[in-house]
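Please open the model in a viewer and keep the selection panel at hand. The tour proceeds from selection to selection.

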Amino acid sequence: DVRYTRLEYCGRRDKMGKYCLHFHMMGNCPECVFQGNAIYESQQVGITVHGTHNALISLNTMWDARAAGIYLEDGNEMNNILSDNVAICSHWTVCAVPWLGKASIQGAGLYLIGPTNDILRNRVAGYEHGLYIPGSAYPQGQGYAFGKVCPQNMPFGKFQGNVNHDCWRYGLYLDNQYPRNVVRDENGHVKSGCQAFTADGKDNGVSQAAVIEDELDWHNMFVGQYSAGDIMYLRYVSVNNGHSMYWKTSKNFADPSAHHMKDCIIANDRMDSYGRLQVYGPSGPFTFKFTNITFVGGPVGDAALCAGQHCGLGGAGGPCNVQYLLDGVDWSRLLAWQKKIKFGVNSASFGFVQPIFLSKDNFSLGGHRTLVSQHLDGFADVGCQKQDWHWDNGYACTVPIRRLNFWSIVDQGNLTLEGPGYGVAPNHADPVLGLNAGVMQFEPMHRGYGLPVVVGGNYTVKGAWRGDVVVEFSDALLAEALGTSGETLNLTVVNGTGCNLTDGDPRDYLSTLGFNGQMEGVQLEEKMACMIHGQEQAPPPEPESPT
């Protein structure tokens, strides 16, 4: 128990255990308290919590603590309270130092290997990163907990009221996080539950979504994560960040009541030279719920809301026919002549063609209910009308549009989809590459294909069909949100079978990662409503023996 004490010039660089204040392997320790302390010019971390649970770290101030202000070390630490602490670096280059085998980029005001702790009302300024959870850097934890934890999949504690500003890269940085229903012992070591699916193929995401509440970030280059699912941003406020939100891929929530972003304010003061108003949103075959969001000021960057950051490229989602469901989005406070939405950003070519914007109300999409990409010119034939550049020149449709995906372990070559929206001559120029006429290319990272389709439409798909292909139509989550359960699609397979698809079809062992190593060995014909059974590729002939 250390309270209201000043510590100066403490810590030894690259020496394990040499920190200014340190709870070391205390186990369950509710009597462990670091409160009201001032730490000045630490050479390695201000406060470390290691193998300790239920401790209180509160009201501490750290000035120029190298590497990290507060460090939760191994990944098994849980139920600690980090509240009302302040970590300030006078300049990010002062605190960004190599430490304990970590590169200088691996530094932050709050550096947490495991997220099952309450992080409340802390303030970070001037670090490389503000609040950083480096899950992908330590997928098995480290130190005494190595191989006994899965930090990318641990449940979150309560994250509320934290502020990050003037950080060189990220303010809040969740990296890669998918909290799941893990079972742990009293020391935070995992017994089971790190996998994406339960034993019977159901989604193992936490049943009550993790929530980042009342977060305020300003003057950071980025805020967000590369990849995260079952995590909700509630009442998040972004002011003059370089990227108001940065997010490459996500998934449908296991908790149907959750929203990816809800009751948030995305603002930019044009009198401040730093920052652009731009949400770089995720992509992949799922429904991104974007609810009660207010955009204020400008100027915008690529657009106020961009669907599909980096889609089809490393670390991102794919195929890119994500369904963005907008509800209660207020554009009225943007500066004049600002672009509202964009199909694709920094993505592979199909990322500019496949995304779908949907509105639950009559104003989030300018009075329209659906927008598809400007490159899908065949949708003019089903009554969709071309919009102006505010809406990225997309086609606004009165007919309901949903996603259709095909998943395959092997590259099927190009598939061709025929039906409403695709009865036009192919445009082979980049980025369309024939998608406007239904010519679909294989997305190799997740092993799938995808395009928007008209609900209730009759479609035909052609392919060589080498091996089995799973077909997926829309999402039950979207149907529940819109109150449209029971939507259907009729699919005829040339040289194969036909399927009557619904939004409520089983999705066992199927996620936004598709066939990416998750479902091999599972008898999917017993799980899926629609499978195309192709012929396995014949092995190449044996070379003739020399005579």
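Which side chain meets that of Asp230 in a salt bridge? Select Lys251: its side chain and that of Asp230 meet in a salt bridge at 2.7 Å, N to O. A salt bridge here is a side-chain nitrogen of Lys or Arg within 4 Å of a carboxyl oxygen of Asp or Glu. Asp230 lies in the loop between β23 (222–228) and β24, and Lys251 in the loop between β26 (245–246) and β27, 21 residues apart. Asp230 counts as buried at 2% relative accessibility, and Lys251 is buried with a relative accessible area of 11%. Buried means under 20% relative accessible area, exposed over 50%, and partly exposed in between (1.4 Å probe, protein chains only).

The model is predicted: local features need pLDDT of at least 70, side-chain atom pairs count only at pLDDT 80 or more, and totals for chains, interfaces and linings use all residues. Residues are numbered from 1 along each chain as its sequence is written, and side-chain values use heavy atoms, with hydrogens and water left out.

**Strand β24 and its partners**

Select residues 231–234, which form strand β24. Helices (H or I, at least four residues) and strands (E, at least two) are DSSP runs, numbered from the N terminus. In a regular strand the side chains alternate between the two faces of the sheet. In β24, Ile231 and Tyr233 point one way, Met232 and Leu234 point the other way, and all are buried.

Next, add strand β21 (residues 210–213), which runs parallel to β24 and is joined to it by four bridges. Two strands pair if DSSP finds at least two bridges between them. Glu213 has Leu234 in β24 as its bridge partner. Then add strand β27 (residues 261–268), which pairs with β24 in the parallel sense over two bridges. Leu234 stands opposite Lys262 in β27.

**Two open sheets**

Move to the open sheet of four strands, in the order β41-β38-β43-β46, where the pairing is antiparallel. Its edge strands are β41 (448–454) and β46 (531–532), each pairing on one side only. Select β38 (residues 401–408) and β43 (residues 469–473): five bridges join these antiparallel strands. Across this pair, Trp407 stands opposite Val470 in β43.

Another open sheet has five strands, in the order β40-β39-β42-β44-β45, with mixed pairing. β40 (439–440) and β45 (498–502) stand at its edges with a single partner strand each, so one side of each lacks a neighbour in the sheet. Within this sheet, select β42 (residues 458–462) and β44 (residues 488–493), which pair in the parallel sense over four bridges. Asn458 stands opposite Asn490 in β44.

**Further salt bridges**

The whole structure holds 17 salt bridges. Select Asp508 and Lys202, whose side chains meet in one of 2.9 Å, N to O. Asp508 is in the loop between β45 and β46 and Lys202 in the loop between β20 (190–192) and β21, 306 residues apart. Asp508 is buried, at a relative accessible area of 12%, whereas Lys202 is partly exposed, at 41%.

Return to strand β38 and select Arg403 with Asp475: their side chains meet in a salt bridge of 2.5 Å, N to O. Asp475 lies in the loop between β43 and α2 (476–482) and Arg403 in strand β38, so the pair ties together parts that are 72 residues apart in sequence. Asp475 is buried, with a relative accessible area of 2%, and Arg403 counts as buried at 0% relative accessibility. Finally, select Lys158, Glu213, Asp214 and Arg235, which salt bridges with shared partners join into one network.

**Aromatic rings**

Rings of Phe, Tyr and Trp (its six-membered ring) pair if their centres lie within 6.5 Å; planes under 30 degrees apart count as stacked, over 60 as edge-to-face and the rest as tilted. The count comes to 32 aromatic pairs. Select Phe288 and Tyr324: their ring centres are 4.7 Å apart and their planes at 40°, so the pair is tilted. Phe288 is in strand β29 (residues 287–297) and Tyr324 in strand β31 (residues 323–327), 36 residues apart. Both Phe288 and Tyr324 are buried.

Next, select Phe343 and Phe357, with ring centres 5.1 Å apart and planes at 90°, so this pair is edge-to-face. Phe343 counts as buried at 2% relative accessibility, and Phe357 at 0%.
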